[in-house]
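Here is a small set of exercises to work through with a viewer open. Try each task before you read its solution.

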Amino acid sequence: MKTGPVVVGIDPGISGAVVVLDLYRNVVATWITKDDFTIAVGKSKREYAEGAMQKAIDDLHGTRGIALVVLEK
């Protein structure tokens, strides 16, 4: 596995995704988050699950180091 810091992009929506790029803009990893980063509040409202996003960021930081995180709101 390559080493070095990465840039992480997170779309936390219900059909959200994560993309991880190295500093040369090569895709290191992608995955669909489905509803991993949101939680249901009531019947039709959802809120961000900040703890789940933080854990994903911490896991990546522990293996590669992170230069930047971009969160789509």
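The exercises below go from the whole chain to single residues, and the model they use is a predicted one.

**Exercise 1. The overall layout**

Task: Find how many helices and strands the chain has, and in which pattern they follow along the sequence.

Solution:
- Step 1. Start by counting: the chain holds one helix and six strands.
- Step 2. Now put them in sequence order, which gives β-β-β-β-β-α-β.
- Step 3. For the overall dimensions, the C-alpha atoms fill a box of roughly 45 × 20 × 20 Å along the principal axes.

**Exercise 2. Surface and charge**

Task: Work out what share of the residues is buried, and which atoms supply 58% of the exposed area.

Solution:
- Step 1. Of the 73 residues in the chain, 26% are buried.
- Step 2. The exposed area comes to about 5,100 Å², and carbon and sulfur atoms supply 58% of that.
- Step 3. As for charge, there are 9 positive and 9 negative side chains, with the centres of the two sets 3 Å apart.

**Exercise 3. The open sheet**

Task: Give the strand order of the four-stranded open sheet and say which strands form its edges.

Solution:
- Step 1. The order is S3-S2-S1-S6, and the pairing is mixed.
- Step 2. S3 and strand S6 (66-71) pair on one side only, which makes them the edge strands.
- Step 3. From one strand to the next, the twist averages 15°.
- Step 4. Look now at strand S1 (residues 6-11) and S2: they run antiparallel and are joined by six bridges. Val 6 sits opposite Asp 22 in S2.

**Exercise 4. The hairpin**

Task: Describe how S4 and S5 are joined, and find the residue in the turn that has a positive phi.

Solution:
- Step 1. Strand S4 (residues 38-41) and strand S5 (residues 45-48) are antiparallel and share four bridges.
- Step 2. One pair to check is Ile 39, whose bridge partner in S5 is Glu 47.
- Step 3. Three residues lie between the two strands of this hairpin, and Gly 42 in the turn has a positive phi of about 80°.

**Exercise 5. An unusual backbone angle**

Task: Locate Arg 25 between its two strands, and decide whether Arg 25 is buried or exposed.

Solution:
- Step 1. Arg 25 is in the loop that links strand S2 (16-22) to strand S3 (27-34).
- Step 2. Its phi is positive, about 70°, although Arg 25 is not a glycine. Most residues other than glycine have a negative phi.
- Step 3. The relative accessibility of Arg 25 is 73%, so it counts as exposed, the cut-off being over 50%.

**Exercise 6. A buried threonine**

Task: Decide whether Thr 33 is buried or exposed, and list what it is in contact with beyond four places in sequence.

Solution:
- Step 1. Thr 33 belongs to strand S3.
- Step 2. With a relative accessible area of 0%, Thr 33 is buried.
- Step 3. Beyond its neighbours within four places, Thr 33 is in contact with Asp 11, Gly 13, Gly 16, Ala 17 and Val 18.

**Exercise 7. The helix and the sheet**

Task: Find which strands helix H1 lies across, and which residues Ile 57 is in contact with beyond four places in sequence.

Solution:
- Step 1. Helix H1 (residues 50-63) lies across S1, S2, S3 and S6, and runs at about 155° to S6.
- Step 2. Ile 57 is part of helix H1 and is in contact with Ile 10, Ile 66 and Val 69, leaving aside neighbours within four places.
- Step 3. Ile 57 and Val 8 are 49 residues apart in sequence, with their C-alpha atoms 8.1 Å apart in space.

Conventions
Residues numbered from 1 in each chain as written. Heavy atoms only, no water. Buried < 20%, exposed > 50% of the residue type's maximum accessible area, 1.4 Å probe, protein only. Areas by Shrake-Rupley, 256 points an atom, 1.4 Å probe, with all protein chains shown as cover. Lys, Arg positive; Asp, Glu negative; His and termini not counted. Charge placed at Lys NZ, Arg CZ, Asp CG, Glu CD. Contact = heavy atoms within 4.5 Å. Pairing = 2+ DSSP bridges. Axes fitted to C-alpha atoms, helices over the stretch in contact; angles between N-to-C directions.
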